[in-house]
Amino acid sequence: MREEEKNVAEILQRIIEKRRGLGLSQKDLAVHLNLSFNGYFKIEKGYTQLSMHRLFQISDALNVSPSFFLRE
């Protein structure tokens with residue numbers, strides 16, 4: 001796995017952990033982001049590229065700073 005792919009995988013894992021920690025389902029977050037369940041599922045699984053815009057939206061939905069997901 002390339003370094004960039006590893007970094008994205010770590011960010012996605014932090015998103016999943018935070019979402020679960022807040023007791024939110026993928027469907028809950030999808031609704032908040034105005035996405036279909038399948039659309040959000042693909043982001044979490046890495047099938048759809050996570051854009052910075054989407055990361056900011058997810059951060060807002062989970063009430064954390066985007067830097068929360070970018071930490072090392």
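This short talk goes from the overall fold of the protein chain to its nonpolar core and then to two buried polar residues.

Before I start, please keep in mind that this is a predicted model, in which local features need pLDDT of at least 70 and side-chain atom pairs count only at pLDDT 80 or more, while totals for chains, interfaces and linings use all residues. Residues are numbered from 1 along each chain as its sequence is written, and side-chain values use heavy atoms, with hydrogens and water left out.

Let me begin with the fold. The protein chain has five helices and zero strands, where helices (H or I, at least four residues) and strands (E, at least two) are DSSP runs numbered from the N terminus. With a radius of gyration of 11 Å, close to the 11 Å that the globule rule gives for 72 residues, the protein chain is as compact as a globular protein of that length; the radius is taken over C-alpha atoms, and the rule is 2.2 Å times the number of residues to the power 0.38. The C-alpha trace spans about 30 × 25 × 20 Å along its principal axes.

Of the 72 residues, 31% are buried, and here buried means under 20% relative accessible area, exposed over 50%, and partly exposed in between, with a 1.4 Å probe and protein chains only.

Turning to the interior, the largest nonpolar core has 15 residues, and those with the most contacts inside it include I15, L29, Y40 and I58; such a core is a set of buried Ala, Val, Leu, Ile, Met, Phe, Trp, Tyr and Cys residues joined through side-chain atoms within 4.5 Å. Helices α1 (3–21), α2, α3 (37–45) and α4 (52–61) each give two or more residues to this core.

What does Y40 touch, leaving out residues up to four places away in sequence? Its partners are I15, R19, Q26, L29, A30, L33, L35 and I58, with contact meaning heavy atoms within 4.5 Å.

Two of those partners deserve a closer look. R19 is found in helix α1 and counts as buried because its relative accessibility is 4%. Beyond its neighbours within four places in sequence, R19 is in contact with L24, S25, Q26, L29, Y40, E44 and L62.

Q26, for its part, lies in helix α2, which covers residues 26–32. Is Q26 buried or exposed? At 15% relative accessibility, Q26 counts as buried, and, with residues up to four places away in sequence set aside, Q26 touches R19, F37, Y40, F41 and E44.
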